[in-house]
Amino acid sequence: MNGRPCSKVACNQDATATLTYVYADSMAVLGPLSHSAEPHCYDLCERHAERLSAPQGWQVVRHVVMGSSFGE
Ligand SMILES: [Zn+2]
């Protein structure tokens with residue numbers, strides 16, 4: 001559907017989410033896969049998105065719930 005791979009080294013799964021680091025607020029925002037690749041954004045597959053951990057002192061904000069239905 002999108003053909004974008006997970007950005008993790010040695011992972012070749014299709015990306016299902018995009019992680020964006022908001023440096024001003026020390027937040028790691030996980031949301032739906034973005035349409036275009038941008039700086040400070042990392043595409044992640046479902047497995048890596050679930051296992052995401054933010055750097056110490058950072059907050060993780062998830063805009064998608066893995067495994068739930070989309071399009072409600
Ligand atoms: Zn992955």
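A residue counts as buried if 20 or more other C-beta atoms lie within 10 Å of its own, as exposed if 12 or fewer do, and as partly exposed in between, with the C-beta atoms placed from the backbone. The legends below describe views of a predicted model.

**View 1. The turn between E1 and E2 holds serine 26, a residue with a positive phi.** Strands E1 and E2 form a hairpin with four residues between them, and serine 26 lies in this loop. Most residues other than glycine have a negative phi. In serine 26, however, phi is positive, near 50°, although the residue is not a glycine. Serine 26 counts as partly exposed because 13 C-beta neighbours lie inside 10 Å, a number that falls between the limit of 12 or fewer for exposed residues and that of 20 or more for buried ones.

**View 2. Alanine 10 is another residue with a positive phi, other than glycine.** Alanine 10 belongs to the segment before E1, and its phi is near 70°. Is alanine 10 buried or exposed? Alanine 10 counts as exposed, because it has 5 C-beta neighbours inside 10 Å.

**View 3. Four strands, in the order E3-E1-E2-E4, make an open sheet with mixed pairing.** The edges of this sheet are strand E3, residues 41-44, and strand E4, residues 59-62, each of which pairs on one side only. From one strand to the next, the twist averages 20°. Along the chain, starting at the N terminus, the elements run β-β-β-α-β, which gives the protein one helix and four strands.

**View 4. Strand pairs within the sheet are joined in both the parallel and the antiparallel sense.** Strands of a sheet pair through backbone hydrogen bonds, either parallel or antiparallel. Strand E1, residues 17-22, pairs with E2 in the antiparallel sense over six bridges, and here threonine 18 has glycine 31 in E2 as its bridge partner. E1 also runs antiparallel to E3, to which four bridges join it, and alanine 17 stands opposite leucine 44 in E3. Which pairing sense links E2 and E4? Strand E2, residues 27-32, and E4 pair in the parallel sense over four bridges, with leucine 30 opposite arginine 62 in E4.

**View 5. The largest nonpolar core is made up of eight residues.** Its members are Cys6, Ala15, Ala17, Leu19, Leu30, Tyr42, Leu44 and Ala49. The elements that contribute two or more residues to this core are E1 and E3. In the protein as a whole, which has 72 residues, 15% count as buried.

**View 6. Lysine 8, in the segment before E1, comes into contact with residues far along the chain.** Leaving aside residues up to four places away in sequence, lysine 8 touches Leu44 and His48. Lysine 8 and histidine 48 are 40 residues apart in sequence, whereas their C-alpha atoms are 7.9 Å apart in space. Why does lysine 8 count as partly exposed? Lysine 8 is partly exposed because 16 other C-beta atoms lie within 10 Å. Across the protein, residues 24 or more positions apart account for 57% of the contacts with a separation of 6 or more.

Conventions. Residues are numbered from 1 along each chain as its sequence is written. This is a predicted model: local features need pLDDT of at least 70, side-chain atom pairs count only at pLDDT 80 or more; totals for chains, interfaces and linings use all residues. Two strands pair if DSSP finds at least two bridges between them. Axes are lines fitted to C-alpha atoms, for helices over the stretch in contact, and angles run from 0 to 180 degrees between N-to-C directions. Two residues are in contact if their C-beta atoms, placed from the backbone, lie within 7 Å. A nonpolar core is a set of buried Ala, Val, Leu, Ile, Met, Phe, Trp, Tyr and Cys residues joined through C-beta atoms within 7 Å.
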